[in-house]
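Subject: Structure for your review

Dear colleague,

I am handing over the structure below, and my notes on what was found in it follow directly after. Please read them alongside the coordinates when you have a moment.

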Amino acid sequence: MSESLDFCEPFQDSKAAYVLSNVAEVVERVLMFIPTKSLLQVASVCRLWRNCARRVLRTQQHLTWVSSSGPCTTELHSFCSILAEEVEVNCKTENRKKYAKKSRQCMSTAEELNQIFPKGCDIVGIATPGIVLTPTGSWTGAPKEYQEGEAGFAVMLPNTDGVHIKPFHFCKKTISLSAMKEAGLVDNPELRVVVMFIYEAYKSGGARFLSQILEPLTNSKALIAGGLVEGVFSPPRDCCSKGSYGVIGLALSGHKVQGASVLLDQDVGTAKEAEATVRRLKAARIPERNTLGFMFACVGRGQNYYHNQHNVEADAFHKVFPNTPLFGLFGNGEIGCDRIVKDDYTLCNSDSDTLQHEYTTVMTLVHFG
């Protein structure tokens, strides 16, 4: 009996090898149980495994993020030291340690970031006086406001059918109606949401530049939200001189994209009032799945604004939307307004003046299909 089993083992091994080398359906089924990082490794085994791994990776694409807070043991920002370890790097195994080491040297340029993220990723990076983040790994985790110390996050948006995400970057030398049209911001009936970050806006000409970017958008049906930040580190500012003002952001188009926002103005000064304002977002009836919350607050709000109560607005959002992660910033000005979603996705009209605020918070929901 044992001799019979010994005789069958080579045949069984050979049969298994044949199946795993030739039957895509079986290989694909097996790879569905392998972690993403391992999929990137096994994709180099052969052409069949590479194609199967790619198909499996496409089915696993979803919204995700990496976040961190607290001091770092080195002189670097706390977020830099964990990014390469958390992101599914698209590189050969022998190069992973090299890129992780580079992350600990702090990636402050687009070139270094591009070595961490897969090829073809568009990267938009900003620096602000404070941020809002949801801890890594849990859609139901409570978001936190950080106005002191070190903290950072990266939200990663996959390719999704029916959702088109296009980054844009303009300075005073490059902004024009034709450039905005090419970026999908003008004459784009599919435009749904625009998230923008303006840097160095306090300099001479910055206010005029801000109006120049906002006025064409007020005629669209898109939701506009964002803030004034301290600086940007990606994409590189090759088009303008160092220290000049500009804007970067994302244009979100497609029939699957939805958005809504409310404005917590200067009269909102208690936790109860903040919750009541955020609760008005429920009227938009945006699905919780594949939805992110964005909070763009004035640096003058937060703990001091609410009489030493910490995390008031982030807690209000989490109470109303417990299954939606929240991200955002404390900046030097806010962009947005109340945008009431109607049945045909028509949003309330507003001029560029009503999109610019101080001492307010713009709370936004964006659904990615």
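In this predicted model, Glu-275 counts as buried because its relative accessibility is 18%, which falls under the 20% limit used for that class. The side chain of Glu-275 nevertheless takes part in two contacts of opposite charge that deserve a look. With Arg-279 it meets in a salt bridge at 2.7 Å, N to O, and both residues lie in helix α10, 4 residues apart, or about one turn of the helix. Arg-279 itself is partly exposed, with a relative accessibility of 38%.

Glu-275 also forms a salt bridge with Lys-319, where the closest N and O atoms are 3.2 Å apart. Because Glu-275 belongs to helix α10 and Lys-319 to helix α11 (residues 312–320), this pair ties together parts that are 44 residues apart in sequence. Lys-319 counts as exposed, at 56% relative accessibility, and Glu-275, Arg-279 and Lys-319 are thus linked in a network of salt bridges.

Helix α11 takes part in another such pair, since the side chains of Arg-301 and Glu-313 meet in a salt bridge of 2.8 Å, N to O, with Arg-301 in the loop between β12 and α11 and Glu-313 in helix α11, 12 residues apart. Here both partners count as buried, Arg-301 at 1% relative accessibility and Glu-313 at 2%. A search of the whole structure finds 7 salt bridges, including those described above.

Turning to the sheet, helix α10 (residues 271–279) lies across β11 and β16, and runs at about 150° to β11. These two strands belong to an open sheet of 6 strands with mixed pairing, in the order β4-β3-β13-β12-β16-β11. Its edge strands, each pairing on one side only, are β4 (144–146) and β11 (257–264), and the twist from one strand to the next averages 15°. Within the sheet, β12 (residues 291–298) and β16 (residues 361–368) pair in the antiparallel sense over 7 bridges, and Leu-365 in β16 is the bridge partner of Gly-293.

Finally, at the surface, Leu-20, Val-26 and Val-30 make a nonpolar patch of about 190 Å². Leu-20 lies in helix α1 (residues 2–22) and counts as partly exposed, at 32% relative accessibility.

With best regards

Methods
Residues numbered from 1 in each chain as written. Predicted model: local features only at pLDDT ≥ 70, side-chain atom pairs only at ≥ 80, totals over all residues. Heavy atoms only, no water. Pairing = 2+ DSSP bridges. Axes fitted to C-alpha atoms, helices over the stretch in contact; angles between N-to-C directions. Contact = heavy atoms within 4.5 Å. Patch = residues over 30% accessible without salt bridge, like charges linked within 9 Å, V, L, I, M, F, W, Y side chains within 5 Å. Areas by Shrake-Rupley, 256 points an atom, 1.4 Å probe, with all protein chains shown as cover. Salt bridge = Lys/Arg side-chain N within 4 Å of Asp/Glu carboxyl O. Buried < 20%, exposed > 50% of the residue type's maximum accessible area, 1.4 Å probe, protein only.
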